[in-house]
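This report describes how the parts of one protein structure fit together. Please study the sequence and the structure shown here before reading on.

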Amino acid sequence: MISDKVIVDSHGRGMEEALAAAEWLVVDAPEKEKLRVRLLGEEMMCLVREIAGGMEGEFWGERIDNKVYLHLSTNTLMYAEKRKEFLDVSTSGQNIKRRGVLGKIIEAYEKALSPKDKRTAAEMVFSSAGMGGSSAYTSSTNLMWSMSDYTDVLYGPDGDEQERDDLEKSIIANIADEVSVGIAGDNVEVIVEKTI
């Protein structure tokens, strides 16, 4: 089953409707699972609020047997220039480094929102900033970051202790089975998976 698609933005529009759509998917689940899906939806709404530039996206969920998939998708073309304008206002002209799983998801979105002529440079930074191994990328226009790849890097020999600590405290990392950020051309999509 698939929920209605809800338009959400960084000003709060549609967020309650998006959470209701997520909860609708698990109406027959135990209360504990309903709460977990709600928390994952809230984390995704935090993501929308954190991304600057008046981001607007489409949120929906689907359930296949005992698996729930929450989706947040946006088209980057209309936001690339807005992002540049916001960064030009900052003293350094750059965004501060993000930490934790939610921060890495935001970084993936922000890299996708770069103007097209800088996409190649953004992809190089994307692949070298703990966003997963190079094997996760299928082409220069199709990129994927996943929480499981990120976790593997953090717990590997070159993993950062502070980032491991942030991961262990993350709501989304402790509740979701998997989080993926996919970039295909000008479309960016976050998918959060949860078994109920």
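## Charged pairs

Arginine 13 has a relative accessibility of 41% and therefore counts as partly exposed, since the partly exposed class lies between 20% and 50%. The model in which this value was computed is a predicted one. The side chain of arginine 13 forms a salt bridge with that of aspartate 9, at 3.2 Å from N to O. Aspartate 9, with a relative accessible area of 10%, is buried. Side chains of opposite charge can pair when their charged atoms come close. The structure holds twelve salt bridges.

A further salt bridge links arginine 38 with glutamate 16, and their closest N and O atoms are 4.0 Å apart. Because arginine 38 lies in helix H2 and glutamate 16 in helix H1, this pair ties together parts that are 22 residues apart in sequence. Glutamate 16 counts as exposed, at 55% relative accessibility, whereas arginine 38 is among the buried residues of H2.

Within helix H2, the side chains of arginine 36 and glutamate 33 also meet in a salt bridge, at 3.1 Å from N to O. These two residues are three residues apart in H2, so about one helical turn separates them. Arginine 36 is partly exposed at 26% relative accessibility, while glutamate 33 is buried, with a relative accessible area of 12%. In addition, Glu16, Glu23, Arg38 and Glu42 are joined into one network by salt bridges that share partners.

## Two helices

Helix H2 comprises the 20 residues 31-50. At 1.5 Å a residue, H2 should span 28 Å, and its end C-alpha atoms are indeed 28 Å apart, so the expected and computed values agree. The buried residues of H2 include Val37, Leu40, Gly41, Met44, Met45, Leu47 and Val48, as well as the charged residues Glu33, Arg38 and Glu43.

In helix H1, which covers residues 15-24, the buried residues are Met15, Ala18, Leu19, Ala21 and Ala22. They occupy an arc of only 155 degrees around the axis, and therefore lie on the same side of H1. Among the elements that cover these buried residues of H1 are strand E1, H2, E2 and E3.

## Strand E3 and its partners

Strand E3, residues 67-75, has seven buried residues out of nine, so E3 is largely enclosed by the rest of the structure. Which strands pair with E3? Strand E2, residues 56-64, runs antiparallel to E3 and is joined to it by seven bridges. Strand E6, residues 187-195, also pairs with E3 in the antiparallel sense, over nine bridges.

Individual residues show this pairing. Tryptophan 60 stands opposite histidine 71 of E3, and threonine 74 has valine 188 in E6 as its bridge partner. E2 and E3 form a hairpin with two residues between them, and aspartate 65 in this turn has a positive phi of about 55 degrees.

## The nonpolar core

In soluble globular proteins, nonpolar side chains tend to be buried together. The largest nonpolar core here has 37 residues, of which Phe59, Leu70, Leu72, Val179, Val190 and Val192 touch the most other members. H2 supplies the largest share of this core, namely six residues.

What does valine 192 touch, not counting residues up to four places away in sequence? Its contacts are Leu40, Met44, Val68, Tyr69, Leu70, Ile172, Ala176, Glu178 and Val179. Of these, Leu40 and Met44 are buried residues of H2.

Definitions and conventions. Residues numbered from 1 in each chain as written. Predicted model: local features only at pLDDT ≥ 70, side-chain atom pairs only at ≥ 80, totals over all residues. Heavy atoms only, no water. Buried < 20%, exposed > 50% of the residue type's maximum accessible area, 1.4 Å probe, protein only. Helix = DSSP H or I, 4+ residues; strand = E, 2+ residues; numbered from the N terminus. Pairing = 2+ DSSP bridges. Expected span 1.5 Å × (residues − 1). Arc of directions from axis to C-beta. Contact = heavy atoms within 4.5 Å. Core = buried A, V, L, I, M, F, W, Y, C linked by side-chain atoms within 4.5 Å.
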